[in-house]
Amino acid sequence: MLRTLALALMVMPLLLMVEANAHGPTRQKVTETVEINVPADKVWAVIGNFQDLNWHPAVEKTEGEGGNDAGAKRTLTLGGGGQIFEELFKYDADAKLIKYGITKVDVKVLPVNNYSSVLSVEKIDDGKSKVIWKGAFYRGYMNNDPPEDLNDATAIKAVKGVYRSGLDELKKKLEAAG
């Protein structure tokens, strides 16, 4: 019996190592913000319609159905090719908040899986506002040992790039319009 116990104690760490290595990807989180020298209501007037993401420089066309009601759908056609299909989870005009997720995307277009996001506007004193874009997602390759183009770092870089380019363009357009 002592021999069996000793063998079990020797094998246990090996089993735990295998268990640890079998773990799949970890959910990643990204947040990007921008302060805009325009009141929050004016910012919300541009970004507050789930059916219109044409303010983003990568989006060539937005098509959808369901307006701003939970369950609404939209299809984003990108200027560089490809499409992203999304669903609205929550819309709160008073809080200036949109929560949505991607239902379908080719990982060659955006290397993520199980993506959800919140886009919101906060009022700052003196007629300024802050736009916050948060996302949570898994990398494009859901198994262990992802190729470089579908790993965590690539997914994070891609989402940050989408957010940053959209927020920078939004700031530029709104501040130029006054």
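Which residue stands opposite Trp-133 in strand 7? I looked this up first and found Leu-119 across from Trp-133. The model I am reading is a predicted one.

**Entry: the strand 6 and strand 7 pair**

I traced strand 6 over residues 112-124 and strand 7 over residues 128-139. The two are paired antiparallel, with eleven bridges between them.

I then took the sheet as a whole. I noted seven strands in an open sheet, ordered 1-7-6-5-4-3-2, with antiparallel pairing. At the edges I found strand 1 (28-36) and strand 2 (59-65), each of which pairs on one side only. From one strand to the next I have an average twist of 20°.

**Entry: helices on the sheet**

I checked what packs on this sheet. Helix 2 (residues 40-47) does, and I list its contacts as strand 1, strand 4 (83-92), strand 5 (97-105), strand 6 and strand 7. Between the directions of helix 2 and strand 6 I have an angle of about 150°. Helix 3 (residues 152-177) packs on the sheet as well, touching strand 1, strand 6 and strand 7. For helix 3 I noted the angle to the direction of strand 1, about 15°.

**Entry: the chain overall**

I counted three helices and seven strands. Along the sequence I read the pattern α-β-α-β-β-β-β-β-β-α. The chain has 178 residues, and I have 35% of them down as buried. For contacts between residues at least 6 apart in sequence, I noted that 52% join residues at least 24 apart.

**Entry: strand 1**

Which side chains of strand 1 point to the buried face? I wrote down Gln-28, Val-30, Glu-32, Val-34 and Ile-36, which point to one face and are buried. Lys-29, Thr-31, Thr-33 and Glu-35 point to the other face and are not buried. I also looked at the partner of this edge strand: strand 1 pairs antiparallel with strand 7 over nine bridges. Lys-29 has Ala-136 of strand 7 opposite.

**Entry: Ser-120**

Is Ser-120 buried or exposed? I placed Ser-120 in strand 6. Its relative accessible area is 12%, and therefore I count Ser-120 as buried, the cut-off being under 20%. Setting aside neighbours within four places in sequence, I listed its contacts as Lys-96, Leu-97, Lys-130, Val-131 and Ile-132.

**Entry: the nonpolar core**

In soluble globular proteins, nonpolar side chains tend to be buried together. I looked for the largest nonpolar core here and found 35 residues in it. Val-43, Ile-47, Tyr-115 and Val-131 have the most contacts inside this core. I listed the elements that give two or more residues to it: strand 1, helix 2, strand 3 (73-78), strand 4, strand 5, strand 6, strand 7 and helix 3. Helix 3 contributes the most, six residues.

I followed one of these core residues further. Apart from residues up to four places away in sequence, Val-43 touches Ile-36, Val-38, Val-121, Ser-129, Val-131, Leu-170 and Leu-174.

**Entry: cavity and pocket**

How many cavities of 30 Å³ or more does the whole structure have? I have one from the search. For the largest cavity I noted a volume of about 40 Å³. Among the residues lining this cavity are Ile-47, Phe-50, Trp-55, Arg-74 and Leu-119. Two of these names are already in my notes: Ile-47 from the core and Leu-119 from the pairing with Trp-133.

The largest pocket has a volume of about 230 Å³. I found 18 residues in its lining, with His-56, Leu-78, Ile-84, Leu-110 and Val-162 nearest the centre. Strand 3, strand 4, strand 5 and helix 3 each supply at least two lining residues. Helix 3 gives the most to this lining, with four residues.

**Entry: positive phi**

I looked for positive phi in residues other than glycine. Asn-114 has a phi near 50°. I placed Asn-114 in strand 6, and its relative accessible area of 52% makes it exposed.

Where does Asp-126 lie? I located Asp-126 in the loop between strand 6 and strand 7. Its phi is positive, about 65°, and Asp-126 is not a glycine. At 74% relative accessibility, I count Asp-126 as exposed.

Notes: Residues numbered from 1 in each chain as written. Predicted model: local features only at pLDDT ≥ 70, side-chain atom pairs only at ≥ 80, totals over all residues. Heavy atoms only, no water. Pairing = 2+ DSSP bridges. Axes fitted to C-alpha atoms, helices over the stretch in contact; angles between N-to-C directions. Contact = heavy atoms within 4.5 Å. Buried < 20%, exposed > 50% of the residue type's maximum accessible area, 1.4 Å probe, protein only. Core = buried A, V, L, I, M, F, W, Y, C linked by side-chain atoms within 4.5 Å. 1 Å grid on protein atoms, 1.4 Å probe; cavity = no way out; pocket = protein on both sides within 12 Å on 5 of 7 lines; lining within 4 Å. Points joined across faces, edges and corners; volume = space filled by probe spheres on them.
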